[in-house]
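Me: I have a structure to look at and have not seen it before. Can you take me through it?

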Amino acid sequence: MMRSAFFCRVVHGKTPVRRIAEAPLPLYTEYSALLWPFTDSMCRYSSPISSAAGSMTDYGYMQGTSMACPHVSGVAALGISYALDLGKTFTRDEFVSILLTSVNDLDSYLVGTKTTLVDRSIGEMPLAPFSGKMGTGTIDAWKVLMQIEGTPCLLAEAGKSQRLSLDSVFGSGSRNLTYLGVEISEEDSDAIGLMLEPQIKGGMLLIQPTQYGSAKMTVRAIAGGSQVGGRTNMGGMEISREISVIVRDISNGNGGWL
């Protein structure tokens with residue numbers, strides 16, 4: 001049976017948008033990845049189980065993109081609704097660009113084989129030929145919302161201590177900045193199960209989330225010096241940036257598509 005992605009259960013306006021990231025990666029159907037745009041090769045090989053034509057009880061393998069199209073359509077609708085709430089407008093090309101760049105990598109997982117329907121029988125399908133042909137990646141609804149807000153996102157792995165680069169937040173010189181600290185609310189800390197307060201180590205964000213979810217935090221730093229300047233001393237200017245950390249189970253042995 002097909003299982004739709006958990007994003008589809010979120011109704012914007014009734015459920016906080018944070019809920020979008022309170023689970024592992026989307027629940028894929030057994031044989032399809034949620035991608036956009038699609039390719040001919042994807043259409044040929046994705047084989048979800050669905051109700052057979054002319055029958056109300058039997059099921060059979062059918063070629064198609066399964067939940068991919070409705071998943072992306074739902075994410076797009078959620079994004080448009082969120083933009084409306086924020087009073088923001090986008091042209092068609094701007095919004096399409098947001099969708100195509102709010103993604104997680106897929107090509108790095110396209111190694112080995114996938115057990116699926118091949119030539120009307122179950123067999124092994126090599127994944128390497130799909131590399132570079134699967135669009136920009138798998139769409140991430142939370143990243144869509146954060147792009148609409150203008151909030152940069154960092155991706156973290158649940159259950160481990162890690163250092164995250166801040167280059168996408170403060171530029172390529174982020175490791176050379178003098179940092180003043182990281183501020184996070186108790187609610188956001190609980191949302192990703194932080195056992196310790198996040199901090200800056202070696203110019204990177206040190207964080208140890210224990211559960212799936214998302215959290216916003218503010219990173220404060222000094223630009224242009226090691227201390228804040230004033231009337232009596234030379235120095236830099238204090239700057240701050242709100243960021244969103246998305247926590248997923250991104251480690252994978254790749255027993256299949258992901």
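Reply: What follows is a short walk through sheets, cores, ring pairs and a few single residues. Keep in mind that this is a predicted model.

Me: Start with the sheets. What is the order of the strands in the four-stranded one?

Reply: The order is E7-E13-E12-E9, in an open sheet with mixed pairing. E7 and E9 are the edge strands, each pairing on one side only. From one strand to the next, the twist averages 30 degrees.

Me: How many bridges join E12 to E13?

Reply: Eleven bridges join them, and the two strands run antiparallel. To pick out one position, Ala221 has Ile239 in E13 as its bridge partner.

Me: Which helix packs on that sheet?

Reply: Helix H4, residues 141–149. H4 touches E7, E12 and E13, and its direction makes about 160 degrees with that of E13.

Me: What about the three-stranded sheet, what is its order?

Reply: That open sheet reads E8-E11-E10, with antiparallel pairing. Its edge strands are E8 (162–164) and E10 (199–201), each pairing on one side only. Direction ignored, neighbouring strands there are turned by 45 degrees against each other on average.

Me: And how many bridges between E8 and E11?

Reply: Three, in the antiparallel sense. Leu164 has Leu205 in E11 as its bridge partner.

Me: Now E4 and E5. What do they form?

Reply: A hairpin, with two residues between the strands. E4 covers residues 113–118 and E5 covers residues 121–126, and they pair in the antiparallel sense over six bridges. Val118 stands opposite Ser121 in E5. In the turn, Asp119 has a positive phi of about 55 degrees.

Me: Change of topic. How many residues are in the largest nonpolar core, and which touch the most other members?

Reply: The core has 21 residues. Those touching the most other members are Leu154, Leu166, Leu205, Met217, Val219, Ile243 and Val245.

Me: Which elements give two or more residues to this core?

Reply: Strand E7 (153–157), helix H5 (167–170), strand E9 (178–183), strand E11 (204–207), strand E12 (213–223) and strand E13 (237–248). The largest share is four residues, and it comes from E12.

Me: Take Val245. What is it in contact with, apart from neighbours within four places in sequence?

Reply: Val245 is in contact with Leu154, Ala156, Leu164, Leu205, Ile207, Gly213, Ser214, Ala215 and Met217. Leu154, Leu205 and Met217 also appear in the list of core residues that touch the most other members. A second, separate core has 17 residues, among them Ala76, Ala141, Leu145 and Ile246.

Me: On to rings. How many aromatic pairs are there?

Reply: A search of the whole structure finds two. One is Phe90 with Phe95, a tilted pair at 6.5 Å centre to centre and 50 degrees between the planes.

Me: Are those two rings buried or exposed?

Reply: Phe90 is partly exposed, with a relative accessible area of 31%. Phe95 counts as buried because its relative accessibility is 11%, and the cut-off for buried is under 20%.

Me: Why does the pair of Phe170 and Tyr179 count as edge-to-face?

Reply: Because the planes are at 70 degrees, and planes over 60 degrees apart count as edge-to-face. The ring centres are 5.9 Å apart. Phe170 and Tyr179 are both buried.

Me: Last topic, single residues. Where does Gly181 lie?

Reply: Gly181 lies in strand E9, which is an edge strand of the four-stranded sheet. Gly181 is partly exposed, with a relative accessible area of 23%.

Me: What does it touch, leaving aside neighbours within four places in sequence?

Reply: Gly181 is in contact with Thr218, Val219 and Arg220. Gly181 and Arg220 are 39 residues apart in sequence, while their C-alpha atoms are 5.5 Å apart in space.

Me: And Ser189, buried or exposed?

Reply: Ser189 counts as buried, at 9% relative accessibility. Ser189 lies in helix H6, residues 186–191. Not counting residues up to four places away in sequence, Ser189 touches Ile184 and Leu194.

Definitions and conventions: Residues numbered from 1 in each chain as written. Predicted model: local features only at pLDDT ≥ 70, side-chain atom pairs only at ≥ 80, totals over all residues. Heavy atoms only, no water. Phe/Tyr/Trp six-rings, centres within 6.5 Å; stacked < 30°, edge-to-face > 60°. Buried < 20%, exposed > 50% of the residue type's maximum accessible area, 1.4 Å probe, protein only. Core = buried A, V, L, I, M, F, W, Y, C linked by side-chain atoms within 4.5 Å. Contact = heavy atoms within 4.5 Å. Pairing = 2+ DSSP bridges. Axes fitted to C-alpha atoms, helices over the stretch in contact; angles between N-to-C directions.
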